[in-house]
Amino acid sequence: MAAVGPFVLPGDDIDPSLIPSHPKLPLRLGPGLRHVPPRDIKPTIAGNLAIDAKKNSIWVDQSRGRYVPSVGDLVIGTVQRSAQEAFLVHLADYSAAVLLPQFSFELASKKNRPQLPSGALVYARVASAEKHMDAELECVNPSTGKADGLGPLTGGMLFTISLGMARRLLMPRSAEEGKVVVLDELGSLGAAFETAVGRNGRLWVNSESVKTIIAVGRAVQQTDEGSLTVDEQQKLVRKLIKDLS
C-alpha cells in the first residue's frame, strides 16, 4: 500500500529522504514526476506524493477521481427529495444518493423536523459508510447535540473543485501545508465572504456581493485547474481585487 507524502506543486524540490530505494528494483517514476538530470526529480502537477516502497515507485496523486464517502468527511450535499424519515442527498456525479436522517439536526424532534426542499444545500459530516449499504450523513455533533457549523446552507453559490483541492483547503493549516493562500489573500485585501468546503469536491461561497461570490469561487477554481504557486495566487488575487474595486 502506498504511503501518502507531503503536498507538492510543479517544480518543487523533493526531499531525497522521501524517494524510495530498493536493493533489486529500479526506481519507477509514476504520473506527475519527471527526472531532471543529473539527479533531481521534479513534480509536474500539484498533489500529494505517493510512495510505494515495496515496488520502489513514487508518483503524484492528483485526486481527481470519483468521491467515495468516508466516515468523518465534511461534505456539501444537494437534497434530491424527502423520504419518510430521511432526506436523499446527492454528493457527487455518478454516485448513489446518501441518507440524511431528519433527526440528525440540532433540536430536531418529531414536532420540529427541518423542511428542506429539493435543491437545498446542506453542510454535513459522513456518519457511516459501510460497504454494500447506503452512506449516512449527520448535521449535528452526536456527543453535544450542537450543529457546530453544520446544517442548511442558505444563499451563495456552489462551485466544483477537485478532490485534491478540497483536501488542501480542509487542512488545518491550508496555507502552510496545502500551499493554498488565495482565500486568505482575498480576505486580507478587503473581500468580505464566507465559505464551506466539502471533501466531495464542492466549495460554497456566500457574500452580500454577487461579484465577490463569483470572484472567490473562480479564484479557487483557477488555482486548482492551473496548479498555481503561492506567488501566482497572490498575483491573481491582486488582479481580482482591482477588478472588484
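This is a short walk through the strands, salt bridges, largest pocket and annotated domain of a predicted model.

Let us begin with a sheet built from the early part of the chain. Four strands make up this open sheet, placed in the order 1-5-6-2, and their pairing is mixed. At its edges stand strand 1 (3–8) and strand 2 (28–29); each has a single partner strand, so one side of each is left without a neighbour in the sheet. Further in, strand 5 (residues 47–52) and strand 6 (residues 57–61) run antiparallel and are joined by 5 bridges. If you would like one pair to look for, find Asp 52, whose bridge partner in strand 6 is Ser 57. As background, strands of a sheet pair through backbone hydrogen bonds, in either a parallel or an antiparallel way.

Now move along the chain to strand 10, a good place to pause. Strand 10 is mostly covered, with 6 of its 8 residues buried. Several strands pair with strand 10. Strand 7 (residues 74–82) does so in the antiparallel sense over 5 bridges, and here Gly 77 has Val 122 of strand 10 as its bridge partner. Strand 12 (residues 151–153) also runs antiparallel to strand 10, with 3 bridges between them; Val 122 appears again, standing opposite Pro 152 in strand 12. Strand 11 is joined to strand 10 by 3 bridges, once more antiparallel, and Val 126 has Leu 137 of strand 11 as its bridge partner.

Strands 10 and 11 are also linked through their side chains. Glu 138 and Arg 125 meet in a salt bridge, 3.3 Å from N to O. Glu 138 belongs to strand 11 (residues 136–138) and Arg 125 to strand 10 (residues 121–128), so this pair ties together parts that are 13 residues apart in sequence. Are these two residues buried or exposed? Both Glu 138 and Arg 125 are buried.

Across the whole structure, a search finds 5 salt bridges. Another of them joins Lys 179 to Asp 12, with the closest N and O atoms 2.5 Å apart. Because Lys 179 lies in the loop between helix 1 (163–169) and helix 2 (182–188), while Asp 12 lies in the loop between strand 1 and strand 2, the pair ties together parts that are 167 residues apart in sequence. Lys 179 itself is partly exposed, with a relative accessible area of 22%.

Next door in the sequence to Asp 12 we meet Asp 13, which forms a salt bridge with Lys 42; the closest N and O atoms are 2.3 Å apart. Lys 42 sits in strand 4 (residues 40–43) and Asp 13 in the loop between strand 1 and strand 2, so parts 29 residues apart in sequence are tied together. The two ends of this pair have their own surroundings: Lys 42 is buried at a relative accessible area of 16%, whereas Asp 13 is exposed at 66%.

Let us turn to the open spaces. The largest pocket holds about 230 Å³ of space. Its lining consists of 14 residues, and Pro 69, Ala 96, Val 98, Met 133 and Ala 135 lie nearest its centre. By class, that lining has 10 nonpolar, 1 polar and 3 charged residues.

Our last stop is an annotated stretch. In an unreviewed entry, UniProt lists residues 156–211 as "domain: K Homology". In the model, this span is 29% helix and 25% strand, and its end C-alpha atoms lie 11 Å apart.

How values were computed. Residues are numbered from 1 along each chain as its sequence is written. This is a predicted model: local features need pLDDT of at least 70, side-chain atom pairs count only at pLDDT 80 or more; totals for chains, interfaces and linings use all residues. Side-chain values use heavy atoms; hydrogens and water are left out. UniProt positions are given in the numbering used here, feature names are shortened, and annotations may be inferred rather than shown by experiment. Helices (H or I, at least four residues) and strands (E, at least two) are DSSP runs, numbered from the N terminus. Two strands pair if DSSP finds at least two bridges between them. On a 1 Å grid over the protein atoms alone, a cavity is a set of points where a 1.4 Å probe fits but cannot get out, and a pocket is an open set with protein on both sides within 12 Å along at least five of seven lines; lining residues have an atom within 4 Å of a point. Grid points are joined across faces, edges and corners, and a volume is the space filled by probe spheres set on the points. Ala, Val, Leu, Ile, Met, Phe, Trp, Tyr, Cys and Pro count as nonpolar, Asp, Glu, Lys and Arg as charged, and the others, Gly among them, as polar. A salt bridge is a side-chain nitrogen of Lys or Arg within 4 Å of a carboxyl oxygen of Asp or Glu. Buried means under 20% relative accessible area, exposed over 50%, partly exposed in between (1.4 Å probe, protein chains only).
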